[in-house]
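Open your viewer and get ready to click through a few selections. At each stop, you will find out what to select and what is there.

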Amino acid sequence: MLGVLARHTPAVIPLVLLLGIAGFVLNPAIYARVFAIASDAPSLAGATTVSAFQLGISLVPALAGAALNAGAGITSVTWIGAALAAAVVPAVLTDRMISRRGPRQG
């Protein structure tokens, strides 16, 4: 939505606020999910999750910088974020499908 409404300040302000709230709320939920999945290896689960966050923190600015250097407009950064979020959807759906099956037998 930010990419579409970037030129409309009254719409961008609440969207940025919602983005911040989502980031604040989702991080603990992600950690809880990872620790629930990997309860037998909590140290590895924590380290892997932190590493994934750090990879994202490093990768997104690099992608945004490359897009801006290539001449794309500032709104391209929002589209990069949307594409990365869409790329995660298959993993989330797979996790959801596996979770609904219940614990493994055997």
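## First stop: a helix and its surface

Select Phe24, which you will find in helix H2, residues 9-37. Keep in mind as you go that this is a predicted model. Is Phe24 buried or exposed? Phe24 counts as exposed because its relative accessibility is 70%, and the cut-off for exposed is over 50%.

Now add Leu17, Leu18, Ile21 and Val25 to Phe24: these residues form a nonpolar patch on the surface. Together they have about 550 Å² of accessible area.

## Second stop: a loop

Next, select Ile74, in the loop between helix H3 (42-69) and helix H4 (76-101). Ile74 is exposed too, with a relative accessible area of 63%. Try a distance from Ile74 to Ala64: the two are 10 residues apart in sequence, and their C-alpha atoms lie 8.7 Å apart in space.

## Third stop: along helix H4

Move on to Ser76, which belongs to helix H4. Ser76 is buried, because its relative accessible area of 13% falls under the 20% cut-off. Show its surroundings and look for Ala67 and Leu68: Ser76 touches both of them.

Now select the whole of H4, with its 26 residues. From first C-alpha to last, H4 reaches 39 Å, close to the 38 Å expected at 1.5 Å a residue. Where in H4 is there a kink? Go to Val89, where the kink is about 30°, shortly before the proline Pro90.

Finish with Gly102, just after H4, which takes a positive phi of about 95°.

Definitions and conventions. Residues are numbered from 1 along each chain as its sequence is written. This is a predicted model: local features need pLDDT of at least 70, side-chain atom pairs count only at pLDDT 80 or more; totals for chains, interfaces and linings use all residues. Side-chain values use heavy atoms; hydrogens and water are left out. Helices (H or I, at least four residues) and strands (E, at least two) are DSSP runs, numbered from the N terminus. Buried means under 20% relative accessible area, exposed over 50%, partly exposed in between (1.4 Å probe, protein chains only). Patches are made of residues with over 30% relative accessible area and no salt bridge: like charges are joined within 9 Å, nonpolar side chains (Val, Leu, Ile, Met, Phe, Trp, Tyr) within 5 Å. Accessible areas come from the Shrake-Rupley method with a 1.4 Å probe; for residues, only the protein chains shown count as cover. A salt bridge is a side-chain nitrogen of Lys or Arg within 4 Å of a carboxyl oxygen of Asp or Glu. Contact means heavy atoms within 4.5 Å. The expected span of a helix is 1.5 Å times one less than its number of residues. The bend at a residue is the angle between axes fitted to the seven residues ending there and the seven starting there. Lists of a residue's contacts leave out its neighbours within four places in sequence.
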